[in-house]
Amino acid sequence: MAKVISVSNDIVEIGEDNGTLTEVRLSDLSFAPRVGDIVDVFRSENSLRVTLAQNQHQGGWPVAQSGSGININLSQLQQSTQQSVQPQTYVQAGKVVNKLAYILCAIFLGGFGIHKFIAGKAGTGIVFIIFCWTLIPAFIGFVEGLVAIGKKADANGNIVV
């Protein structure tokens, strides 16, 4: 289980039980997240799926997404839970960064791993600095910059890396 920590500037921060913090673009979710919402986070190798938890209850009865409670009888509740299907949302896992800044740093400063530090991958950035004399990190940075050019940016010009 995970919990929505903050929703600001089209970025949703989700805190997980294991202490990790995941950033997701608001446009990638199929529901309107609110601070305190309980969500399920499913990870695969290249993607992240975030769904609103179905067991959000208050006093034993489900609460509507808008936060206003509704009165229904038990037979309606059983029918609606059997028929309702939660939409699935796939989100690419990683950190949200500015596309232009990431591309420029990857192409021109990729040999020193600056784009890795921007993406929050300090360990990989240090490895790039250590091996910068081999020019291999420069080649990798250039290729990662070209890959980032092909990624679609959101309304704010951000991509997930």
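1. A good place to start is a facing pair of residues: S6 stands opposite E13, which sits in strand β2. Please keep in mind that this is a predicted model. The pair belongs to strands β1 (residues 2-8) and β2, which run antiparallel and are joined by six bridges.

2. How do these two strands connect? β1 and β2 make a hairpin with two residues between them. If you look at the turn, you will find N9 with a positive phi of about 50°.

3. Next, follow the chain onward from β2. Strand β3 (residues 21-25) pairs with β2 over five bridges, again in the antiparallel sense. Here I14 stands opposite T22 of β3. These two strands also form a hairpin, with four residues between them, and G19 in its turn has a positive phi of about 90°.

4. Is strand β2 mostly covered or mostly open? It is mostly covered: β2 spans residues 11-16, and five of its six residues are buried. A general point helps when viewing any strand: in a regular one, the side chains alternate between the two faces of the sheet.

5. Now turn to R43, which has its place in strand β4 (residues 38-43). Its relative accessibility is 47%, so R43 counts as partly exposed, since that class lies between the 20% and 50% cut-offs.

6. Which residues does R43 touch, leaving aside its neighbours within four places in sequence? R43 is in contact with E16, T20, T22 and L48. Of these, T22 is the β3 residue that stands opposite I14. It is also worth finding A93: R43 and A93 are 50 residues apart in sequence, yet their C-alpha atoms are 7.9 Å apart in space.

7. Further along is helix α5, which covers residues 136-149 and has 14 residues. From its first C-alpha to its last, α5 reaches 20 Å, close to the 20 Å expected at 1.5 Å a residue. The buried residues of this helix are P137, G141, G145 and A148. Seen down the axis of α5, they fall within an arc of 80°, so they line one face of the helix. The general background is simple: an α-helix has 3.6 residues a turn, so residues three or four places apart point the same way.

8. What does the buried side of α5 pack against? Its buried residues pack against α2 (99-109), α3 (114-118), α4 (122-130) and β10 (158-160). On the face turned away from that buried side, α5 carries the exposed residues I136 and F139.

Methods
Residues numbered from 1 in each chain as written. Predicted model: local features only at pLDDT ≥ 70, side-chain atom pairs only at ≥ 80, totals over all residues. Heavy atoms only, no water. Buried < 20%, exposed > 50% of the residue type's maximum accessible area, 1.4 Å probe, protein only. Pairing = 2+ DSSP bridges. Expected span 1.5 Å × (residues − 1). Arc of directions from axis to C-beta. Contact = heavy atoms within 4.5 Å.
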